[in-house]
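Please look through the sequence and the 3D structure shown here before reading on. The explanation below is meant to be followed with both in view.

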Amino acid sequence: MKTTLAEHQVFVAVVDSGSITAAAERLGQTVSGVSRGLARLEDKLGTTLLARTTRRVKLTEEGRELLPHARALLDAADDAEQAMALRRAQPAGTLRINAAPTFMQSVIVPQIGAFRARYPQITLALDTHDRFIDLLEQHTDVAIRIGTLEDSTLHARPLGHTRLRLVASPAYLARHGIPQSAADLDEHSLLGFNQMPHLNAWPLRGAQGRDLRITPSVSASSASTLIALALAGEGIASMADYVTRELVADGRLQPVLSDRIEDRRQAIHAVYYRNTALSLRIELFLDFLAGRIAGLL
């Protein structure tokens, strides 16, 4: 049967204190508890470590041989605890983060410099994908997901919400006119998704009283491609605020049907598997990100 660290701790405390009673006071245990711990250690090792008298204890030959090993075990445990405490104070290791390309570029990348300055020992590995990935299969620690969550095996932390808006380039609107109602969109080129059709529900009230589901004139698999198409004057797109805000501010894109847009917000979550070894790095990153992106969504 394996000995335990607690049993070696009892043995060393009795030797250093000179008696079982003094060791009990030192360890904050009962005398009987210390005595049982010492007896268990001797029983497991099959030898007597301490010769006991009514007033004191004395090391046997076997006890003298074990003592430096027991001290080394306790010192190693202390070193391990100190190393973990230092790691908590200066967290280190690799954190693999996945997000949609547009979210990564518009929201996460601008925060990376400040995060690295605060936690220089954490190495970041950034990966982008427009579709939801399997975290284990893709060796990902934490993923940012936008929209409805379906995987109940993951832990999820809400980071906020983002509004959807319709945008087009000024050049496109100059050529084709500015739509005044949802019905006018039938006469326009609409840009949408071909692998995530649920994202083709636009925040306009349709004939059934729900979001307007469009049939794209041009479709793409990624939001970044749709933004490029909109900037090239190929049509109207429905995009999250964090993607289009700067493009609208500098005049490269123009809001469409702003007064007709329903307030539709997509939830943004960070998802991850619970992993004790990673939990600190994940917690630090999400705390940092949540504190800085509220005004960007």
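What follows is a walk through one helix, its neighbouring strands, its aromatic contacts and a further group of strands.

The model is a predicted one, and a convenient place to begin is strand β3, which covers residues 93-99. Strand β3 runs parallel to strand β4, residues 122-128, and seven bridges join the two. Within this pairing, alanine 99 has threonine 128 of β4 as its bridge partner. Strand β3 also runs parallel to strand β5, residues 142-146, to which two bridges join it, and here the bridge partner of asparagine 98 is alanine 143 in β5. Together with helix α5, the strands β3 and β4 make up a β-α-β unit that is right-handed.

Helix α5 itself, residues 101-118, deserves a slower look. With 18 residues at 1.5 Å a residue, α5 should span 26 Å, and because its end C-alpha atoms are 24 Å apart, the expected and the modelled span agree. The helix nevertheless bends by about 45° at isoleucine 108, and a proline, proline 110, follows within four residues. The buried residues of α5 are Pro101, Thr102, Phe103, Met104, Val107, Ile108, Gln111, Ile112 and Phe115, and two of these names, Phe103 and Phe115, return in the aromatic contacts described next.

A pair of aromatic rings is described by the distance of the centres and the angle of the planes. A search of the whole structure finds four aromatic pairs. One of them is formed by phenylalanine 103 and tyrosine 242, whose rings are 5.1 Å apart from centre to centre with 80° between the planes, an edge-to-face arrangement. This pair links distant parts of the chain, since phenylalanine 103 belongs to α5 whereas tyrosine 242 belongs to helix α8, residues 241-249, and the two are 139 residues apart. Phenylalanine 103 has a relative accessible area of 0% and is therefore buried; tyrosine 242, at 9% relative accessibility, falls under the 20% limit and so counts as buried too.

Where along the chain does the partner of phenylalanine 115 lie? Phenylalanine 115 lies in α5 and phenylalanine 285 in helix α9, residues 276-293, so their pair ties together parts that are 170 residues apart in sequence. The centres of these two rings are 5.4 Å apart and their planes stand at 85°, which means that the pair is edge-to-face. Phenylalanine 115 counts as buried at 1% relative accessibility, and phenylalanine 285 counts as buried at 2%. These two residues also belong to one aromatic cluster, which Phe115 and Phe285 form with Tyr119 and Phe288.

The last stop is strand β6, residues 155-168, which runs antiparallel to strand β13, residues 265-272, and is joined to it by eight bridges. In this pairing threonine 162 stands opposite glutamine 266 of β13. Strand β6 pairs in the antiparallel sense with strand β11, residues 236-240, over four bridges, and also with strand β12, residues 254-256, over three bridges. Leucine 166 takes part on both sides, for it stands opposite serine 238 in β11 and opposite valine 256 in β12.

Technical notes. Residues numbered from 1 in each chain as written. Predicted model: local features only at pLDDT ≥ 70, side-chain atom pairs only at ≥ 80, totals over all residues. Heavy atoms only, no water. Phe/Tyr/Trp six-rings, centres within 6.5 Å; stacked < 30°, edge-to-face > 60°. Buried < 20%, exposed > 50% of the residue type's maximum accessible area, 1.4 Å probe, protein only. Pairing = 2+ DSSP bridges. Expected span 1.5 Å × (residues − 1). Bend = angle between axes of the 7 residues up to and from the residue. Right-handed = clockwise from strand over helix to strand, strands pointing away.
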